[in-house]
Amino acid sequence: MKKHLPTFVVLGAALLVAFTWLKPRSRGEYARATFGQLPTLVNGRVKPLDTVARTSLLTMQGRQRLVVPPGRAIEPIEWLLDMVYRPGLADGYPVFEIVHPDLLALLGVASADGAGQKRFSARQLEPKLRELERQAKLADEVESATRTPFQRAVVQLRNNVVLYQRLQGTFVAVGSDDFLPRLTTLEKNLPAAQALMNGSHGSGVADPAFGKTVLELSREFSTMDTFSYLRPIPTQDPGGNEQWKTTGAAWTDILSTGKAWPAASAFVRIGTAWHDRQPDTFNAASQEMFELLQSTRPDVMARCAVEARFNSAEPFTTSMALYVTAFLLAVLSWLRWPHALQRMAFGLIVLAFLVSTAGIGIRMWLEARPPVTNLYSSALFVGWAAVALCLLLEHFFRNGIGSVAAGLIGFATLLIAHHLALGGDTLEMMRAVLDSNFWLATHVVTITVGYSATFLAGFLALIHVFRGALTRTLDQATARALGKMIYGIICFATLFSLVGTVLGGIWADQSWGRFWGWDPKENGALLIVIWNAIILHARWGGLVRERGLAMLAIGGNIVTAWSWFGVNMLGVGLHSYGFMDAAFWWLIGFVASQLAVVLLASLPEAKWRSAALLASRAPALR
């Protein structure tokens, strides 16, 4: 039984992973999953409404999970439906995260003891929205990189409130309780409404109330078209090219032509059924809309179906859990049951790697891009490439070190990616200067593999230092094996960093007309190459051995972190994509921790608590 236990554990984990990829099913009577797969155009990308709901909640409150009074958890797509079609209910949901104490005091929602809630509803914020807007305008006058934490919190909350309001006005006019019934009346009397809009605005209309309704709706349609966040109505221009319209623009066209649009009508029935709590009607209308788009835009619906499945599976969250479990098992294997636990850890690492590979592959298919297109995807790929190298190390050395490094790096990079995802949609449109699949697939992938390898060498060095200084498990054979691993990975990292830097210069020459301009990002890439070259020359010249090699490799963590994230901290340069205050302090903390480990490694051997080193001197003492 003990012999086969690792196999059973890995197979059980694989079954649980497979269960997460099953087709999402709606809980309860409403077919919310069908509605969630309906597409919309947002910021230049067509995505399912499920993605809109999830990314909006991430932006507003830092998580997708939403708990509403009295303690009931609801799905993101249910929140979106409530916000649009039951605003009186949804305005009481706590979806705005506020943690800055001065902002809490400004809005009058801070508790007396300072330890109250941190998520608040639109209804709670409503009395102070004017003051919030005033403070945000003052903060807008300050450059983003020099704003105080309070100013950044104000601007972020103002932007979240605007996002909430624009989402709420996508399908219905904000502040109008009878908008859907009036739309239904309009649909039934389209010819008369068209005659009114094309005539003398009231002359010849038998019912003056209907004429007033049409004119009010026309103004509301115009407002919706101006401020709507989504474009959920597919159509075509006269040349046959695909277009996506706001709901307001679609109804404006319906009024002017007198011709009904099935998509616009379907959203009216969906909204009315949700508002009136009619699940059968809601399900039928959602399915009708789904089938309509399936017949006219099958490629769009296929992508939305895959993306909705991808959202519900949350492969990177699953991988994080697997990496942590494997890391703990691999560390424990150095103390007890090494054979069984190392096999178990290795199997879980392989499973987590496959899940991450599937997630990255789906993202590539959805974007039609290489794997690295922004900071979020670079975090995913850095971890993925490092884990791939760790699997090779574990395959050849079979000492658990590769599994420990894979679990640690895999979890850390996915955690970084999770926090980077809080800014919104991670499958964003490419900036114009980056819009080149060839260079994304060559320079960006190559340089990112260089990041991965340099980080991996640094993390292997951390294992060397911690095992040597804090445990009794670093014998001479293990120290020698770690030295070989670090050296081999540094050679690999130097090659890819150098080639990637040269390719980046060629791309820069094509894009900006110069091969090198001492841009902060270019300097960071060059620093990685120089630092790795220093390590190799120190090793070849006999200036360092295993412990000195580990200290230099830990320095590589600092250099690579600066090149990867540091340029965004500066807020300058052609490669800077925005100042991030939280990331700045995390970067400073990471650098400080690496320097502390280097100091620990620099202690004389007599200070190390490694029984292995003491044992290696025992024959001489005797």
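This report describes selected salt bridges and one buried threonine in a predicted model.

The model is predicted, so local features need pLDDT of at least 70, side-chain atom pairs count only at pLDDT 80 or more, and totals for chains, interfaces and linings use all residues. Residues are numbered from 1 along each chain as its sequence is written, and side-chain values use heavy atoms, with hydrogens and water left out.

**Salt bridges**

Side chains of opposite charge can pair when their charged atoms come close. A salt bridge is defined here as a side-chain nitrogen of Lys or Arg within 4 Å of a carboxyl oxygen of Asp or Glu. By this rule the count is 21 salt bridges. Three of them are listed below.

| Pair | N to O distance |
|---|---|
| Arg32 and Glu78 | 4.0 Å |
| Arg182 and Glu216 | 3.7 Å |
| Arg297 and Glu242 | 3.1 Å |

Helices (H or I, at least four residues) and strands (E, at least two) are DSSP runs, numbered from the N terminus. Burial is graded by relative accessible area: buried is under 20%, exposed is over 50%, and partly exposed lies in between (1.4 Å probe, protein chains only).

The salt bridge between Arg32 and Glu78 links distant parts of the chain, with Arg32 in helix H2 (residues 32-36) and Glu78 in helix H4 (residues 76-85), 46 residues apart. Both Arg32 and Glu78 are buried.

In the salt bridge of Glu216 with Arg182, Glu216 belongs to helix H12 (residues 208-227) and Arg182 to helix H10 (residues 179-188), 34 residues apart. Arg182 is buried because its relative accessible area is 10%, whereas Glu216, at 27%, counts as partly exposed.

For the salt bridge of Arg297 with Glu242, Arg297 lies in the loop between helix H15 (279-296) and helix H16 (298-313), and Glu242 lies in strand S8 (residues 242-245), so the pair ties together parts 55 residues apart in sequence. Arg297 has 11% relative accessibility and therefore counts as buried; Glu242, at 42%, is partly exposed. Salt bridges with shared partners also join Arg32, Arg72, Glu75 and Glu78 into one network.

**Thr170**

Thr170 is located in the loop between helix H9 (149-168) and H10. Its relative accessibility is 0%, so Thr170 counts as buried. The side chain of Thr170 reaches the backbone oxygen of Leu167 at 3.1 Å. Beyond its neighbours within four places in sequence, Thr170 is in contact (heavy atoms within 4.5 Å) with Met224, Ser228, Tyr229, Leu230, Pro232 and Thr247.

Methods. A polar contact is a pair of N or O atoms within 3.5 Å; within protein, one must be able to donate a hydrogen and the other to accept it, and residues adjacent in sequence count only if both atoms are side-chain atoms.
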